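Biologist: Please take me through the nonpolar core of this protein in detail. I would also like to know how the rest of the chain frames it.

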Amino acid sequence: MNKPTEDKEFVAAPAPNDDVVSAPKPPRARVEDAIDPDAEAPAESAVEKLERKRDYLEGFLQKKPENVAPSEPGGALHDAVISALKEIYDPEIPVNIYDLGLIYGVEITDESDALVTMTLTTPHCPVAESMPGEVELRAASVPGVRDAEVSLVWDPPWGPEKMTDEARLELGML
């Protein structure tokens with residue numbers, strides 16, 4: 001069954017040698033048109049430029065995501081639990097347990113319960129019995145957290161690669 005074809009008018013692209021009317025070309029930029037940086041303000045030194053970039057970077061890193069629920073990563077409650085965990089230091093290493101990489105995950109449930117997954121440097125760590133309890137107490141003490149639960153895991157095993165750059169710098173490993 002053949003459908004009747006409608007008469008369509010097709011327009012072909014012009015051939016390369018056809019004369020095509022086009023819009024005028026915009027003017028080209030010239031070096032003389034550039035603004036002289038010394039004319040309006042003195043050029044900044046390398047130190048001033050570095051400070052400006054550092055200020056920009058710090059501002060960028062401090063910017064919090066918008067419209068984030070308090071229990072989601074980046075939310076107020078989630079960040080408050082992480083801040084509380086950063087106050088706990090390993091007794092043998094002068095670095096907090098979060099930057100040391102002992103905290104594998106922080107999760108806040110819809111009921112505002114904190115679920116913390118953590119490990120220790122070794123199973124024979126002297127604080128193996130007390131550290132999970134301290135983490136649980138510290139997470140539960142954050143205003144807005146109803147209850148806290150700590151899950152101590154050994155897989156994946158902890159290693160120095162789990163430390164943050166700040167921890168490596170503190171320990172002279174960077």
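Modeller: What follows is a close look at the core, then at a surface patch.

This is a predicted model. The protein has 174 residues, and 24% of them count as buried. Its secondary structure comes to five helices and three strands. From the N terminus on, the order is α-α-α-β-β-α-β-α.

Now the core. The largest nonpolar core holds 29 residues. Inside it, V81, L85, M131 and V135 have the most contacts. Helices and strands both supply it: α3 (76–85), β1 (103–108), β2 (113–118), α4 (131–140) and β3 (147–152) each give two or more residues. The top contributor is α3, with five residues.

Take V81 as the close-up. Set aside its neighbours within four places in sequence. V81 is then in contact with V106, I108, A139, V142 and V145. Across the protein, contacts with a separation of 6 or more can be split by distance along the chain. Residues 24 or more positions apart account for 54% of them.

In soluble globular proteins, nonpolar side chains tend to be buried together. The surface of this model has nonpolar side chains too. Y56, L57 and F60 make a nonpolar surface patch of about 390 Å². F60 lies in helix α2 (residues 46–62). F60 counts as exposed because its relative accessibility is 55%, and the cut-off is over 50%. As for the whole surface, the protein exposes about 13,600 Å². Carbon and sulfur atoms supply 54% of that area.

Note on methods. Residues are numbered from 1 along each chain as its sequence is written. This is a predicted model: local features need pLDDT of at least 70, side-chain atom pairs count only at pLDDT 80 or more; totals for chains, interfaces and linings use all residues. Side-chain values use heavy atoms; hydrogens and water are left out. Patches are made of residues with over 30% relative accessible area and no salt bridge: like charges are joined within 9 Å, nonpolar side chains (Val, Leu, Ile, Met, Phe, Trp, Tyr) within 5 Å. Accessible areas come from the Shrake-Rupley method with a 1.4 Å probe; for residues, only the protein chains shown count as cover. A salt bridge is a side-chain nitrogen of Lys or Arg within 4 Å of a carboxyl oxygen of Asp or Glu. Helices (H or I, at least four residues) and strands (E, at least two) are DSSP runs, numbered from the N terminus. Buried means under 20% relative accessible area, exposed over 50%, partly exposed in between (1.4 Å probe, protein chains only). A nonpolar core is a set of buried Ala, Val, Leu, Ile, Met, Phe, Trp, Tyr and Cys residues joined through side-chain atoms within 4.5 Å. Contact means heavy atoms within 4.5 Å.
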